[in-house]
Structures are given as C-alpha cells and as structure tokens.
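This report introduces the structure to a reader who has not met it before. Please keep the sequence and the 3D view at hand while reading.

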Amino acid sequence: MVHPRTTVEDIEELSSLLQVPLVAGTVNRGSDVLGGGLIVNDWSSFVGLDTTSTEISVIENIFRLSGSGGGAGGQMQGGQGQQSNIVTNMRSSLIDQLS
C-alpha cells in the first residue's frame with residue numbers, strides 16, 4: 001500500500017522492483033499518512049479509530065486478511081483455519097470493547 005498521490009508510473013516501477021503488487025490507499029478517514037494509522041503483519045492489521053469500513057475492507061483485500069484462507073479453491077490449509085478463528089475472536093472482542 002502506498003501514498004494515494006503516488007503516480008501510476010511510480011507505482012508500476014516500485015511494483016516491478018519489489019516484485020509485489022502495490023495499491024494506493026488511505027486510512028483514518030482519508031489521511032494519506034499510512035504509517036500513522038496502519039500496522040499490518042501476516043495475519044492481522046490494526047488501524048486508527050477514524051478508519052472507515054471502506055478503508056478497512058480495502059486493507060483486508062490488499063493484504064488478504066479477510067479470513068478466506070489461501071488454500072486452493074478457497075479451502076483453508078492447516079494453521080490458517082486456526083488463524084482465522086483467532087482473528088475473528090480478536091475482532092469481536094475489540095468491537096465489543098470499543099462500542
């Protein structure tokens with residue numbers, strides 16, 4: 001994920017250099033300071049309180065965090081099912097605490 005004002009040419013060049021797909025995006029209701037409102041690892045992400053549901057959806061899709069698993073045909077492999085349960089439980093408890 002890169003700054004929303006990054007040019008298409010720069011995104012394509014970075015993507016080819018890093019060998020990963022890149023997408024421009026925002027967090028915290030349009031803030032272009034990604035590092036100030038987003039932390040992501042292999043199985044979870046944490047965002048600022050002002051982040052909208054659309055931004056969260058984009059982040060989940062970019063980093064493949066939606067719990068759909070990475071197995072063939074959408075089936076979860078070994079530990080991914082357990083990770084999905086952990087993420088679901090964490091998300092539920094965080095929503096309960098914040099509401």
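## The largest pocket

In this predicted model, the largest pocket has a volume of about 550 Å³. Its lining is made up of 20 residues, and those closest to the centre of the pocket are Ser45, Val47, Ile56, Arg91 and Leu94. Three elements each give two or more residues to this lining, namely strand 2 (45-47), helix 2 (53-62) and helix 3 (78-98).

Helix 3 gives the most to the lining of the largest pocket, contributing six residues. By residue class, the lining divides into 11 nonpolar, six polar and three charged residues.

## Leu94 and a nonpolar surface patch

Leu94, which lies in helix 3, is among the residues closest to the centre of the largest pocket, and Leu94 also belongs to a nonpolar patch on the surface. That patch is formed by Ile39, Phe46, Leu49, Leu94 and Leu98, which together have about 560 Å² of accessible area.

Is Leu94 buried or exposed? Leu94 counts as partly exposed because its relative accessibility is 35%, a value that falls between the 20% limit for buried residues and the 50% limit for exposed ones.

## Asp42 in its loop

Asp42 is found in the loop that runs between strand 1 (38-40) and strand 2. With a relative accessibility of 74%, Asp42 counts as exposed, since the class of exposed residues takes in values over 50%.

Along the chain, Asp42 and Arg64 are 22 residues apart, while in space their C-alpha atoms are separated by 8.8 Å.

Conventions: Residues are numbered from 1 along each chain as its sequence is written. This is a predicted model: local features need pLDDT of at least 70, side-chain atom pairs count only at pLDDT 80 or more; totals for chains, interfaces and linings use all residues. Side-chain values use heavy atoms; hydrogens and water are left out. On a 1 Å grid over the protein atoms alone, a cavity is a set of points where a 1.4 Å probe fits but cannot get out, and a pocket is an open set with protein on both sides within 12 Å along at least five of seven lines; lining residues have an atom within 4 Å of a point. Grid points are joined across faces, edges and corners, and a volume is the space filled by probe spheres set on the points. Helices (H or I, at least four residues) and strands (E, at least two) are DSSP runs, numbered from the N terminus. Ala, Val, Leu, Ile, Met, Phe, Trp, Tyr, Cys and Pro count as nonpolar, Asp, Glu, Lys and Arg as charged, and the others, Gly among them, as polar. Patches are made of residues with over 30% relative accessible area and no salt bridge: like charges are joined within 9 Å, nonpolar side chains (Val, Leu, Ile, Met, Phe, Trp, Tyr) within 5 Å. Accessible areas come from the Shrake-Rupley method with a 1.4 Å probe; for residues, only the protein chains shown count as cover. A salt bridge is a side-chain nitrogen of Lys or Arg within 4 Å of a carboxyl oxygen of Asp or Glu. Buried means under 20% relative accessible area, exposed over 50%, partly exposed in between (1.4 Å probe, protein chains only).
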